[in-house]
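Hi,

Here is the structure I promised to pass on to you. Have a look at it first, and then read on for what turned up.

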Amino acid sequence: MQISEHMLRSFTITALAYVFLLPLVSCSSHGEIISNHTSIKENLHKTSPQMTSYIAVHGLILWVSMGFLMPVGILAIRMANKEEAGRRVKVLFYLHAIFQTLAVLLVTVGAVMSIKNFENSFNNHHQRLGLALYVAIWMQALIGIFRPPRGNKRRSTWYLTHWILGTVISMVGIINIYTGLEAYHKKTSKSTGIWTILFTAQISFIALFYLFQDKWEHIQKQGSHPTLPSAQENVIVVTQRVNQKVMLPQPCAKRNALNNLFD
């Protein structure tokens, strides 16, 4: 009797455990199946040659626009601000406008490619920065188009806003290219070391050129001796001084002239 009760109790416990644990085991197995299916799908997505080519083209477009055209356009307008009014200023200004316009158009093409071909869940820094940059770039373009004329009271505020926003966009765009290279490596498992080195070298060159172009004229003057006036120039200066002394009336002459007037 005791054995039968013990067997019944064991059977009951086993049955209850089976009833309660079976759904959990089933859910876990189902979750593992879904997870494995997702992992397999992601791996297939990674190794897709077409997707790899899309990502490469997207990165190249953003490299050219944000990593080259936009910094060079900023450099052009910086050089124009140092020049006096003339043809050179106009050329540099139009280069700035052309480079920035091309950069905006290429960024738009890259954004369309991203929306059309990629999974934009915005769960990483690259996609979030890219969205913010796309909005800011178009804002900057509109600010540049609708600029107030020189002499207007709003010109100073416009210039400060345009300059700060452009600088921030360029810097964040460069940072986002680095995050894009990292995302490309994670997505395709391909090495991006050589591309990172090339991009760093290019940006370093542009930054050094930007820093030294302000001081280049001053650096050139440091190696030259100050020019001394020639002998002919000295003669002219002395002659002018003598003529000035001759033309100035002497005090005695002034006094005699006044006496003659009163006489």
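Let me start with the aromatic side chains: Trp63, Tyr178, Trp195 and Phe199 come together in one aromatic cluster. Please keep in mind that this is a predicted model. Searching the whole structure gives 4 aromatic pairs, and two of them deserve a closer look.

In the pair of Trp63 and Phe199, the ring centres are 5.1 Å apart and the planes stand at 80 degrees, so this pair is edge-to-face. It ties together distant parts of the chain, with Trp63 in helix α2 and Phe199 in helix α6 (residues 193-222), 136 residues apart. Are these two residues buried or exposed? Trp63 has a relative accessible area of 14%, so it counts as buried. Phe199 is buried too, with a relative accessible area of 0%.

Phe199 also pairs with Tyr178: here the centres lie 5.2 Å apart and the planes make an angle of 70 degrees, so this pair is edge-to-face as well. Again distant parts of the chain are linked, since Tyr178 belongs to helix α5 and Phe199 to helix α6, 21 residues apart. Tyr178 has a relative accessibility of 30%, so it is partly exposed.

Now to the helices that carry some of these residues. How do α2 and α5 run relative to each other? The axes of α2 (residues 49-82) and α5 (residues 155-188) come within 10 Å and cross at roughly 155 degrees. Angles over 145 degrees count as roughly antiparallel, and α2 and α5 are therefore roughly antiparallel to each other. Their crossing is left-handed. On the α2 side, the residues making the contact include Thr52, Ile55, Trp63, Met66, Met70 and Ile74; on the α5 side, Tyr159, Gly166, Ile169, Gly173, Ile177 and Lys187 are among them. Sorted by class, this contact has 13 nonpolar, 7 polar and 1 charged residues. Trp63 thus appears both in the contact with α5 and in the aromatic cluster.

Finally, the overall picture. The chain has 8 helices and 0 strands, which along the sequence gives the pattern α-α-α-α-α-α-α-α. Of its 263 residues, 22% count as buried. Taking contacts between residues at least 6 apart in sequence, 70% join residues at least 24 apart.

I hope you enjoy looking through it.

Best wishes

Key
Residues numbered from 1 in each chain as written. Heavy atoms only, no water. Axes fitted to C-alpha atoms, helices over the stretch in contact; angles between N-to-C directions. Helix = DSSP H or I, 4+ residues; strand = E, 2+ residues; numbered from the N terminus. Parallel < 35°, antiparallel > 145°, perpendicular 65-115°, else oblique. Left-handed = near helix turned anticlockwise from the far one by under 90°. Contact = heavy atoms within 4.5 Å. Nonpolar A, V, L, I, M, F, W, Y, C, P; charged D, E, K, R; others polar. Phe/Tyr/Trp six-rings, centres within 6.5 Å; stacked < 30°, edge-to-face > 60°. Buried < 20%, exposed > 50% of the residue type's maximum accessible area, 1.4 Å probe, protein only.
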